[in-house]
Amino acid sequence: MSILSDMLDGLVTRLNTVTGMHAYNHPVDAIAEYPAAVVLIDRVNHALALGGNSVEVDMRVVYLHAANPSDEAFLGLYA
């Protein structure tokens, strides 16, 4: 496993601890259940990553929810 995949999987694992959340570490063709999050790697500073013991990565989390979530369901994400 690479450090990047470990970081990506760690964030997905953490997001999946949110009640009702379905998180993915790759783009998916269809989302069956909401709310959902897709975590993507946006940018890696290759010069820094290849030059030593450091890595600089930008990740994007795309949060998806049903068209009209009830207030109760939405607030449940913050409980």
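A residue is called buried when its relative accessible area is under 20%, exposed when that area is over 50%, and partly exposed in between. By this rule arginine 60, at 44% relative accessibility, counts as partly exposed. The terms come back several times below, as the text goes from the whole chain to the sheet, its salt bridges and the loops.

The structure is a predicted model. The protein chain has an average pLDDT of 81, and 76% of the residues score at least 70. Confidence is highest in strand 1, at 94, and lowest in helix 2 (residues 46-51), where the mean is 62. Statements about the strands and about helix 2 can be read with those values in mind.

The secondary structure of the protein chain consists of 3 helices and 3 strands. Followed along the sequence, these elements give the pattern α-β-β-α-β-α. Of the 79 residues in the protein chain, 18% are buried. The accessible surface of the protein chain is about 5700 Å², and carbon and sulfur atoms account for 56% of that surface. Among the contacts in the protein chain with a separation of 6 or more, 38% are between residues 24 or more positions apart.

The sheet is the next thing to look at. The 3 strands form an open sheet in the order 1-2-3, and the pairing is mixed. Strand 1 (22-24) and strand 3 (57-64) are at the edges; each has a single partner strand, so one side of each is left without a neighbour in the sheet. From one strand to the next, the twist averages 25°. Strands of a sheet pair through backbone hydrogen bonds, and the pairing is either parallel or antiparallel.

Both kinds can be followed here, strand by strand. Strand 1 and strand 2 (residues 36-44) run parallel and are joined by 3 bridges. In this pairing alanine 23 has alanine 37 of strand 2 as its bridge partner, and tyrosine 24 has valine 38 of strand 2. On the other side of the pairing scheme, strand 2 and strand 3 run antiparallel, with 8 bridges between them. One example is valine 39, whose bridge partner in strand 3 is valine 61.

What packs on this sheet, touching strand 1, strand 2 and strand 3? The element is helix 1 (residues 3-15), and its direction makes about 155° with that of strand 2.

The salt bridges come next. The count is 2 salt bridges. In one of them arginine 60 is paired with aspartate 42, and their closest N and O atoms are 2.7 Å apart. This pair links distant parts of the chain, since arginine 60 is in strand 3 and aspartate 42 is in strand 2, 18 residues apart. Arginine 60 was introduced above as partly exposed. Aspartate 42, with a relative accessible area of 42%, is also partly exposed, because that value falls between the 20% and 50% limits.

Another salt bridge brings together the side chains of aspartate 58 and arginine 43, at 2.9 Å from N to O. Aspartate 58 belongs to strand 3 and arginine 43 to strand 2, so the pair ties together parts of the chain that are 15 residues apart in sequence. Aspartate 58 has a relative accessibility of 34% and counts as partly exposed. Arginine 43 is partly exposed as well, with a relative accessible area of 34%.

The loops remain. Glutamate 33 lies in the loop between strand 1 and strand 2. At 48% relative accessibility, glutamate 33 counts as partly exposed, because the value is not over the 50% limit. Glutamate 33 and methionine 21 are 12 residues apart along the chain, and their C-alpha atoms are separated by 8.5 Å.

Proline 35 is also placed in the loop between strand 1 and strand 2. Most peptide bonds are trans. The bond from tyrosine 34 to proline 35, however, is cis, with omega near 0°.

Tyrosine 34 also has a counterpart from another part of the chain. Alanine 67 is 33 residues from tyrosine 34 in sequence, while the two C-alpha atoms are 9.7 Å apart in space. Alanine 67 itself is in the loop between strand 3 and helix 3 (71-76). Its relative accessible area is 72%, which is over 50%, so alanine 67 is exposed.

Definitions and conventions: Residues are numbered from 1 along each chain as its sequence is written. This is a predicted model: local features need pLDDT of at least 70, side-chain atom pairs count only at pLDDT 80 or more; totals for chains, interfaces and linings use all residues. Side-chain values use heavy atoms; hydrogens and water are left out. Two strands pair if DSSP finds at least two bridges between them. Helices (H or I, at least four residues) and strands (E, at least two) are DSSP runs, numbered from the N terminus. Axes are lines fitted to C-alpha atoms, for helices over the stretch in contact, and angles run from 0 to 180 degrees between N-to-C directions. Contact means heavy atoms within 4.5 Å. A salt bridge is a side-chain nitrogen of Lys or Arg within 4 Å of a carboxyl oxygen of Asp or Glu. Buried means under 20% relative accessible area, exposed over 50%, partly exposed in between (1.4 Å probe, protein chains only). pLDDT is the predictor's confidence in each residue, from 0 to 100. Accessible areas come from the Shrake-Rupley method with a 1.4 Å probe; for residues, only the protein chains shown count as cover.
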